[in-house]
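Subject: Handover of a structure

Dear colleague,

Please find below the structure that I am handing over to you. My findings follow directly after it.

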Amino acid sequence: MRRCVILASGPIEDCECLRALVEKDDFILCADGGLRLAQRLGVTPHLVVGDFDSYHGVLPSEGTEVLKVPPEKDDTDTMLAVRLAMKRGFRHILLLGGTGGRLDHTFANIQAMAWAAGQGASLWMADRQNEATVLMPGIHRILKRDGYKLSLFGIGEGAFGITLKGLQYPLTDATLTMTTPLGVSNEWKDEIAQIELKKGMLLLILSKD
């Protein structure tokens, strides 16, 4: 299934590491100031959405659909982009430019990942040092990433019945809540880590120094 790449307006110093994450057949959707990131990456967006309070340049015309929305709205521009991507049938989404700036927007993007996961979509957020997604109940297998740590956080109402295998610090039928940072900086013991979640939501973050 074709993937949608959403470009947001978070500050990015080095685009080279992100350029390698964008594939030729990706559908490119810019959220407002994410249009600047598209220009830096050298990609032409298929769709741009926003109130354009963070982008004041010339909007693309030929070959790009532009949706302008009022500045007074309930969703962030990035959340609008996520909703729009899913409305158009995308269930595999990568968000770039969603971190590194204002903390409130970063947290809002984590909420967007949680919403998408609840709708049955796979939404990953990535930057130079991190990759993150939200896991729903089930068994998830994460391939070892050299140089990366694996962290898990209970979000929403919490995460229950967590069993971890193939990691340096295993868990059995454990609970992680929003006030429990127990899952920070785990390490792979085997080539594949297995994460079993019985109820709730887990924020998975892969980070490197």
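Asp 173 counts as partly exposed in this predicted model, because its relative accessibility is 48% and the partly exposed class ends at 50%. Asp 173 is placed in strand E10, which covers residues 171–176. Although Asp 173 is not a glycine, its phi is positive, at about 50°.

Ser 185 is a further residue with a positive phi, about 55° here, that is not a glycine. Ser 185 belongs to the loop between E10 and E11. With a relative accessibility of 36%, Ser 185 counts as partly exposed.

Asp 173 also appears among the contacts of Lys 198. Setting aside neighbours within four places in sequence, Lys 198 touches Pro 137, Phe 160, Gly 161 and Asp 173. Lys 198 sits in the loop between strand E11 (192–197) and strand E12 (199–207), and Lys 198 is exposed, at a relative accessible area of 53%. Thr 163 is 35 residues away from Lys 198 along the chain, and the C-alpha atoms of the two are separated by 8.9 Å.

Salt bridges

The whole structure holds 10 salt bridges. In general, side chains of opposite charge can pair when their charged atoms come close. The following are among those found.

Arg 19 and Glu 16 form a salt bridge in which the closest N and O atoms are 2.3 Å apart. Both residues belong to helix H1, and because they are 3 residues apart there, about one helical turn separates them. An α-helix has 3.6 residues a turn, so residues three or four places apart point the same way. Glu 16 is exposed, with 53% relative accessibility, whereas Arg 19 is partly exposed, with a relative accessible area of 30%.

Glu 65 and Arg 88 meet through their side chains in another salt bridge, with an N to O distance of 3.0 Å. Glu 65 is found in strand E4 (residues 65–68) and Arg 88 in the loop between H3 and E5, so this pair ties together parts that are 23 residues apart in sequence. Glu 65 is partly exposed, at a relative accessible area of 33%, and Arg 88 likewise counts as partly exposed, at 39%.

Arg 102 pairs with Asp 104 in a salt bridge whose closest N and O atoms are 2.6 Å apart. Arg 102 counts as exposed at 53% relative accessibility, while Asp 104 is partly exposed with a relative accessible area of 43%. In addition, a network of salt bridges links Asp 51, Lys 73 and Asp 77.

Helix H2

Which residues of helix H2 are buried? In this helix, which spans residues 34–41, they are Gly 34, Leu 35, Leu 37, Ala 38 and Leu 41. Viewed down the axis of H2, the buried residues fall within an arc of 155°, so they line one face of the helix. These buried residues pack against helix H1 (16–19) and against four strands, namely E1 (4–7), E2 (27–31), E3 (47–50) and E5 (92–96). Gly 42, just after H2, takes a positive phi of about 75°.

Pockets

The largest pocket has a volume of about 460 Å³. Its lining consists of 22 residues, and those nearest the centre are Thr 99, Gly 100, Asp 127, Arg 128 and Asn 130. Two or more lining residues come from each of H1, helix H4 (103–118), strand E6 (122–126), strand E7 (130–135) and E12. H4 gives the most to this lining, with 3 residues. By type, the lining of the largest pocket divides into 11 nonpolar, 7 polar and 4 charged residues.

The second largest pocket has a volume of about 370 Å³. This pocket is lined by 22 residues, with Ser 9, Gly 10, Ser 54, Thr 78 and His 105 nearest its centre. Helix H3 (77–87) and H4 each supply at least two residues of the lining, and H4 gives the most, with 3 residues. The lining of the second largest pocket is made up of 3 nonpolar, 13 polar and 6 charged residues.

With kind regards

Note on methods: Residues numbered from 1 in each chain as written. Predicted model: local features only at pLDDT ≥ 70, side-chain atom pairs only at ≥ 80, totals over all residues. Heavy atoms only, no water. Buried < 20%, exposed > 50% of the residue type's maximum accessible area, 1.4 Å probe, protein only. Arc of directions from axis to C-beta. Contact = heavy atoms within 4.5 Å. 1 Å grid on protein atoms, 1.4 Å probe; cavity = no way out; pocket = protein on both sides within 12 Å on 5 of 7 lines; lining within 4 Å. Points joined across faces, edges and corners; volume = space filled by probe spheres on them. Nonpolar A, V, L, I, M, F, W, Y, C, P; charged D, E, K, R; others polar. Salt bridge = Lys/Arg side-chain N within 4 Å of Asp/Glu carboxyl O.
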